[in-house]
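Work through these exercises with the model open. Each one sets a task and then solves it step by step.

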Amino acid sequence: MDKMWAGRFKKETDSKVNAFNSSIDFDQRMYFEDIKGSIFHAEMLSEEKIISENDSKAIIDGLYSILDDIDNNDEFEIDTESEDIHMFIEAELTKRIGRAGKRLHTARSRNDQVTTDLRMYLKRKTNTTRKRLISLIGTLCRKSLRYTRAIMPGYTHLQRAQPITFAHHLMAYANMFMRDIDRIDDAVNRMMSECPLGSCALAGTTYPIDREMTAIKLGFDKPCANSLDGVSDRDFCIEIASALSIIMVHLSRFSEEIILWCSWEFKFIELDDAFATGSSIMPQKKNPDVAELVRGKSARVFGDLQTLLVTMKGLPLAYNKDMQEDKEAIFDAVDTVNLCLRTFTPMIWSMDVKDENMRNAAAKGFINATDCADYLVKKGMAFRDAYKITGELVAYCIEEGYILEDLPIEIYRKKSRLFNDDVRVAVNLDTCLKKRSSYGGPAPECVTKQIINIKEKLRIIRNELHD
């Protein structure tokens with residue numbers, strides 16, 4: 001196949017350079033966006049009398065036939081000898097309709113073409129990410145409704161700290177993933193606000209094109225305001241990769257807790273057999289491989305973000321071939337996140353929650369110690385004094401094998417005459433939980449409100465998806 005630039009060169013490109021230069025192995029996935037952009041570009045060229053109506057119609061019909069063959073004809077294959085998807089489609093079009101196909105590239109460059117395709121492609125793929133986040137958040141809400149009274153220890157420094165519920169813990173992640181949706185929406189809105197098509201190589205064109213028309217038809221708000229920026233901007237890749245990286249931070253943190261919880265040392269949950277694996281040598285093992293892989297794959301996505309940042313940091317305006325490296329990184333990031341979300345959600349739904357084990361851990365962890373100190377404060381003691389007395393009581397319990405709920409009242413009264421029989425109610429875990437009813441707290445009614453609020457936000461988001 002002749003190169004588009006063949007007229008300038010006297011020698012054929014070395015075959016090794018062709019292979020090194022080629023991007024079709026990974027950019028062929030943008031065939032739909034490339035064809036869609038080309039169809040509207042051809043329409044615009046005809047509207048502006050830059051090419052004839054007959055040529056435009058032949059181009060558009062030819063492009064639809066290529067799209068149909070790619071989607072539905074198993075015998076049709078994209079030629080991986082082509083340099084990229086843009087050149088393949090143009091060459092295939094010319095093969096089908098003749099010289100009219102060569103008119104399609106009028107008033108555009110692969111520089112503005114590829115960044116337009118990439119924006120549209122990422123909008124489509126991140127919509128899948130968004131839907132999978134919605135599914136995960138919905139699963140967390142449904143799971144949480146079952147466990148609004150399932151007391152577990154809340155941790156700081158991985159030490160048992162204060163009483164919460166399993167539902168409260170799950171809803172913390174639901175809130176994280178809600179922010180992830182917001183970040184994706186913000187990135188996509190900026191990405192689709194301006195259309196690069198018509199920026200051409202870097203300096204626009206002398207043809208009387210209608211950039212507004214193609215921008216609106218392709219789903220953008222308006223054309224890019226500066227042609228140099230239009231072809232050289234990859235902020236949108238970096239921003240989406242950043243949003244995807246934060247999703248992976250949240251999934252990785254959640255995975256770490258799942259790995260801990262299903263260990264024999266915690267035994268707060270048990271993963272369903274369908275989402276765990278065994279050992280080749282130790283028959284007793286049930287390994288949380290899904291969670292471990294999600295935790296591990298977070299590193300890939302972080303690396304993809306780093307690749308994009310380092311690739312772009314030293315590039316002068318406008319387009320440079322280095323920017324071809326953007327696609328493999330951003331494609332890998334979005335593929336990895338979507339794969340993790342698809343697998344993670346049913347794992348969460350199917351896991352068995354050992355709420356009795358959680359309660360036992362909460363009782364033995366003295367997570368009601370703050371409540372014991374608050375009991376004394378409400379009787380008039382200074383908090384620092386109450387803190388010291390409670391610490392001494394906890395030390396006694398550890399030495400003698402008690403928990404605060406079972407400690408004899410005479411031991412309490414040896415430390416302070418302010419203690420009465422009602423201290424047992426004050427340090428009861430159910431009481432401790434119920435009293436934590438400040439906004440956003442773990443009291444059952446508070447968590448139920450959190451679930452209701454998140455479900456209402458999801459309902460609005462789902463309705464927006466269908467509009």
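**Exercise 1. A bridge within one helix**

Is Arg-459 buried, partly exposed or exposed?

Solution. Start with the ground rules. This is a predicted model, where local features need pLDDT of at least 70, side-chain atom pairs count only at pLDDT 80 or more, and totals for chains, interfaces and linings use all residues. Residues are numbered from 1 along each chain as its sequence is written, and side-chain values use heavy atoms, with hydrogens and water left out.

Step 1. Apply the cut-offs: buried means under 20% relative accessible area, exposed over 50%, and partly exposed in between (1.4 Å probe, protein chains only). Arg-459 has a relative accessible area of 41%, so Arg-459 is partly exposed.

Step 2. Find the partner. Arg-459 forms a salt bridge with Glu-456, at 2.6 Å from N to O. The term means a side-chain nitrogen of Lys or Arg within 4 Å of a carboxyl oxygen of Asp or Glu.

Step 3. Check the partner's exposure. Glu-456 is at 36% relative accessibility and therefore counts as partly exposed.

Step 4. Place the pair. Both residues sit in helix α19 (residues 444-466); because they are three residues apart there, about one helical turn separates them. Helices (H or I, at least four residues) and strands (E, at least two) are DSSP runs, numbered from the N terminus.

**Exercise 2. Bridges across the sequence**

Which parts does the salt bridge between Asp-233 and Arg-119 tie together?

Solution. Step 1. Look at the contact. The closest N and O atoms of Asp-233 and Arg-119 are 2.7 Å apart.

Step 2. Locate both ends. Asp-233 is in the loop between α9 (227-232) and α10 (235-261), and Arg-119 is in helix α6, so the bridge links parts 114 residues apart in sequence.

Step 3. Check exposure. Asp-233 and Arg-119 are both buried.

Step 4. Take a second pair. Lys-354 and Asp-352 form a salt bridge at 2.8 Å, N to O. Lys-354 is partly exposed, at a relative accessible area of 23%. Asp-352 is partly exposed too, at 37%.

Step 5. Count. The whole structure holds 30 salt bridges.

**Exercise 3. Enclosed space**

How many cavities of 30 Å³ or more are there?

Solution. Step 1. Set the rule. On a 1 Å grid over the protein atoms alone, a cavity is a set of points where a 1.4 Å probe fits but cannot get out; lining residues have an atom within 4 Å of a point. Points are joined across faces, edges and corners, and a volume is the space filled by probe spheres set on the points. The count is two.

Step 2. Take the largest cavity. The volume of the largest cavity is about 40 Å³. Its lining includes His-41, Met-44, Ala-107 and Leu-197. Helices α3 (31-47) and α8 (211-217) each give at least two lining residues.

Step 3. Sort that lining by class. It has four nonpolar, three polar and two charged residues. Here Ala, Val, Leu, Ile, Met, Phe, Trp, Tyr, Cys and Pro count as nonpolar, Asp, Glu, Lys and Arg as charged, and the others, Gly among them, as polar.

Step 4. Take the second largest cavity. The second largest cavity encloses about 30 Å³. Among the residues lining it are Asp-34, Gln-113, Met-120 and Leu-197. Helix α6 (110-145) gives the largest share of this lining, four residues. By class, the lining has three nonpolar, four polar and three charged residues.

**Exercise 4. Unusual backbone**

Which peptide bond is cis, with omega near 5°?

Solution. Step 1. Recall the background. Most residues other than glycine have a negative phi, and most peptide bonds are trans.

Step 2. Name the bond. The cis bond runs from Leu-317 to Ala-318. Ala-318 is in the loop between α11 (289-312) and α12 (325-350).

Step 3. Turn to positive phi. Ala-107 has phi near 65°. Ala-107 lies in the loop between α5 (85-97) and α6. At 8% relative accessibility, Ala-107 is buried.

Step 4. Add another case. Leu-158 has a positive phi of about 60°. Its place is the loop between β1 (151-156) and β2 (159-165). Leu-158 is exposed, at 54% relative accessibility.

Terms used:
On a 1 Å grid over the protein atoms alone, a cavity is a set of points where a 1.4 Å probe fits but cannot get out, and a pocket is an open set with protein on both sides within 12 Å along at least five of seven lines; lining residues have an atom within 4 Å of a point.
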